[in-house]
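Here is a short report for a first look at this structure. It takes pockets, then cysteines, then a sheet.

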Amino acid sequence: MAASPGTRFNTGIDCIDRIVGGGFPVGGMVSLTGPCGAGKTLLAIEFLIRGGLAGQKGMYISTMHGVDKLMTFLPQLDYSDPKLFEKGTITLKHIDEMGSGERDDGKITHAESAAIIDDIISAVNKEGIKRLVLDSTNPLMAEMDSWVASSFLLTLSKELFKSKCTTILVTEGDVMNGHEQTVADGIMLLGNEVRRGDNFRVLEVVKMSGVAHSRAKYVVDMTSEGMLTTPMLRGL
Amino acid sequence: MEDIAPQITNRLEELGPAVSVNFSLGIEGYFDTLTALIDRFCNAKKLMCIYISVNVPSSTIMSALESLEISTAKVRFVDCISFATMENTGGDDRTVYVESPTMLEYIVLKMEYLLRKNKGEQFMVVLDSVNSLAAHNEVRMLYEFMQVLMASVKSRGGYPVILSIEEQMKPELREMLMLVSDQMVTLK
């Protein structure tokens, strides 16, 4: 389960690595987009845990719930090890710990966005973080003017790449032309698909830089043993 | 009618794992088939049995096995019918539920889940029955599903077993079964 050398970053989530052709781009930023309840946070957490089990440090930055609430609401994950959190292999932070927390008329200014990036990168470099999750980008983007948001994500992407820290940006909703998708090196969609009245949770990889990835739709099950996928049947 | 158990166990012994077998049986031979597969074959060989129940709720099968004093310690169920019929769907960690027999992909995923949960176990997968699944799904969809299921079991070295009920067999279903089964066995 160790991370692969070279340009692909083995996530350790077997089904994802198969679908994206070996893993994410090393130091790349992957947008994970979908409606609420699609399983985005669980997938992002599994990304950190699988890394932690392979000895890679990870950091989860929440922009909404406090970390205590997040830990309380996580389902039982049999593949995980509580020591990963206790020993700090995976750290959980809130975005309020980054930057000064100052807002100008409710807006995050360009200067404040730069301060947030500085704090994130400083934590990444200091702790040797190789996996980062920002969950979700929506509140941050809502507090930034469009050009500030675009600049924030571009700069964050460049700095994380320099640090070889592979990142998942969790974005809520079904918009595919947001700043996150424009900047991202990979785009994965988690959503729902209805077939004859049955509701299926599905995953689709829209983009993954540098690899010939699968374009099929996969039915997803989030289990205590981790994420499982199987190709969606067509019945043609 | 001949004794069903030796027909089943001898054929499975002869074929070995990773060979998909369709056992075509009459309704009257249903419970004999079930006990032969679970007790005489799986329990005897210490195999985990993943039993995909579409025909009868898992609780009914479990009760039947227990009343016959057959060990169910290594039996795991993917129950595709109890949710749809509003039966009790909790309290037994040997059973995982699929909301509807039309959600075929989740049958594959639940099987995968049970295999992960019981890593390293040698196993058999029994689909009971293809006729019941055909009552809920188009044959083309079912064909695609059966291919995925059989390939998945075979690639892991398990014993893939399909049960079909002779009296309920439609020609297009038989044709599909011939395509996905390596062996078609009619129990007499």
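A pocket here is an open set of grid points where a 1.4 Å probe fits, with protein on both sides within 12 Å along at least five of seven lines. The model is a predicted one.

**Pockets**

The largest pocket has a volume of about 520 Å³. Its lining counts 24 residues, and A:D221, A:M222, B:E99, B:Y106 and B:K110 are the closest to its centre. Four elements give two or more residues each to this lining. From chain A come strand 9 (198-208) and strand 10 (217-223). From chain B come strand 4 (95-97) and helix 4 (104-117).

The second largest pocket holds about 400 Å³ of space. It is lined by 20 residues. Nearest its centre lie A:T41, A:L42, A:H65, A:L70 and A:D135. The elements that give two or more residues to this lining are helix 2 (40-53), strand 4 (57-62), helix 3 (67-73) and strand 7 (166-172), of chain A. Helix 2 of chain A provides the largest share, 3 residues.

The table sorts both linings by class.

| Pocket | Nonpolar | Polar | Charged |
|---|---|---|---|
| Largest pocket | 13 residues | 5 residues | 6 residues |
| Second largest pocket | 10 residues | 6 residues | 4 residues |

**Cysteines**

How many disulfides does a search of the whole structure find? The count over all chains is 0. Take B:C49, which is in no disulfide. The nearest cysteine sulfur belongs to B:C42 and is 4.2 Å away. A disulfide needs the two sulfur atoms within 2.5 Å. B:C49 has 1% relative accessibility, so it counts as buried.

Why does B:C80 form no bond with the closest cysteine? The closest cysteine sulfur, in B:C49, is 14 Å from that of B:C80, so the gap is too far for a bond. B:C80 also counts as buried, because its relative accessibility is 0%.

**A sheet in chain B**

In chain B, 7 strands make up an open sheet. Their order is 4-3-2-5-6-1-7, and the pairing is parallel. Which strands lie at the edges? They are strand 4 and strand 7 (183-186) of chain B, and each pairs on one side only. On average, neighbouring strands of this sheet are turned by 20° against each other, direction ignored.

Strand 4 of chain B also gives residues to the lining of the largest pocket. In the sheet, 3 bridges join it to strand 3 (residues 75-79) of chain B, and the two run parallel. There, B:F77 stands opposite B:T95 of strand 4 of chain B.

Technical notes. Residues numbered from 1 in each chain as written. Chains lettered and ligands numbered in written order. Predicted model: local features only at pLDDT ≥ 70, side-chain atom pairs only at ≥ 80, totals over all residues. Heavy atoms only, no water. 1 Å grid on protein atoms, 1.4 Å probe; cavity = no way out; pocket = protein on both sides within 12 Å on 5 of 7 lines; lining within 4 Å. Points joined across faces, edges and corners; volume = space filled by probe spheres on them. Nonpolar A, V, L, I, M, F, W, Y, C, P; charged D, E, K, R; others polar. Buried < 20%, exposed > 50% of the residue type's maximum accessible area, 1.4 Å probe, protein only. Pairing = 2+ DSSP bridges. Axes fitted to C-alpha atoms, helices over the stretch in contact; angles between N-to-C directions.
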